[in-house]
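Trainee: I should be grateful for a close look at one part of this structure, namely its nonpolar core. Please then follow the thread outward to the contact between the chains.

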Amino acid sequence: MAMTADHIKLLIEQGLPGAQIEIKDLAGDGDHYAASIIWDGFRELPRVRQHQLVYDALDGRMGRELHALALTTTTPES
Amino acid sequence: MNNNPAFEGIQKTIDNNDVVLFMKGNPDTPQCGFSSTVVNILRHLQIPFGSADVLADPELRDGIKSFSNWPTIPQLYVKGEFVGGCDIVTEMYQSGELKDLFAEKGVASA
């Protein structure tokens with residue numbers, strides 16, 4: 001079972017309200033995506049914590065339906 | 001601490017190695033591109049490290065994911081602290097942050 005880009009985006013939007021999200025399909029197999037996420041909630045957080053928040057938003061799908069998600073997480077320019 | 005049977009062994013592995021990589025396969029024969037990327041980075045920085053093959057131990061493979069609250073393998077630990085997976089280690093390596101982290105934590109290269 002794979003995931004669609006829209007579904008990934010929807011889950012992250014729900015988990016990180018107000019985030020700006022861009023999803024790129026890396027392999028066309030529904031399993032390998034890149035996501036760049038700009039969200040104020042990342043401010044002051046170490047990168048690993050930022051990524052954990054994204055994985056929490058995906059609610060356990062990361063590493064299961066979704067094999068690879070290259071993450072770029074940043075905060076909005078203030 | 002959760003009573004996951006694998007946690008005790010994981011904690012011991014982390015305590016016994018300044019730098020340890022939970023990976024698929026072992027450093028000489030990695031079984032996954034992401035794992036071999038991190039092995040190559042550590043070797044390029046000449047950082048001695050321990051490793052644990054999650055493919056050889058299914059309990060470890062799931063246990064480490066809940067232990068670190070991180071869903072994928074590989075996972076790098078430095079001085080007991082979870083640093084990240086392949087993406088983060090690669091990003092930190094490219095920005096020089098990884099080298100600084102080892103210096104800051106007093107991990108000498110070979």
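Mentor: In this predicted model, the largest nonpolar core has 56 residues. Those with the most contacts inside this core are I12(A) and I37(A) from chain A, together with I10(B), F22(B), I64(B) and F102(B) from chain B. Strand β1 of chain B, residues 19-23, gives the most to the core, with 5 residues. In soluble globular proteins, nonpolar side chains tend to be buried together.

I12(A) may serve as an example from chain A. Leaving aside its neighbours within four places in sequence, I12(A) is in contact with I21(A), I23(A), I37(A), V54(A), A57(A) and L58(A). One of these partners, I37(A), is itself listed among the residues with the most contacts inside the core.

Chain B offers a helix to examine, α4(B), which spans residues 86-95. Its buried residues are C86(B), I88(B), V89(B), T90(B) and M92(B). The cover over them draws on both chains: it includes α2 (47-57) of chain A, and, from chain B, α2 (33-44), β5 (75-78), β6 (81-84) and α5 (97-104). After α4(B) comes G96(B), with a positive phi near 90 degrees.

The helix α2 of chain A leads to the interface. There, 14 residues of chain A are in contact with 15 residues of chain B. The area buried between the two chains is about 1,100 Å², and carbon and sulfur atoms give 55% of that area. The rule finds 2 salt bridges across the interface. R47(A) forms a salt bridge with E97(B), their closest N and O atoms lying 3.1 Å apart. In addition, 5 residue pairs are found in polar contact across the interface, both residues being at pLDDT 80 or more. On the side of chain A that touches chain B, the elements that give two or more residues are α2 and β3 (68-74) of chain A. The largest share of that side, 7 residues, comes from α2(A). By type, the residues of this side divide into 7 nonpolar, 4 polar and 3 charged.

A residue of α2(A) deserves separate mention: Q52(A) lies in this helix. Q52(A) has a relative accessible area of 9%, and it therefore counts as buried, the cut-off being under 20%. Apart from neighbours within four places in sequence, Q52(A) is in contact with S68(B), N69(B), W70(B) and F82(B).

Definitions and conventions
Residues numbered from 1 in each chain as written. Chains lettered and ligands numbered in written order. Predicted model: local features only at pLDDT ≥ 70, side-chain atom pairs only at ≥ 80, totals over all residues. Heavy atoms only, no water. Buried < 20%, exposed > 50% of the residue type's maximum accessible area, 1.4 Å probe, protein only. Helix = DSSP H or I, 4+ residues; strand = E, 2+ residues; numbered from the N terminus. Contact = heavy atoms within 4.5 Å. Core = buried A, V, L, I, M, F, W, Y, C linked by side-chain atoms within 4.5 Å. Buried area = accessible area lost by both parts, 1.4 Å probe. Salt bridge = Lys/Arg side-chain N within 4 Å of Asp/Glu carboxyl O. Polar contact = N/O pair within 3.5 Å; in protein donor to acceptor, adjacent residues only side chain to side chain. Nonpolar A, V, L, I, M, F, W, Y, C, P; charged D, E, K, R; others polar.
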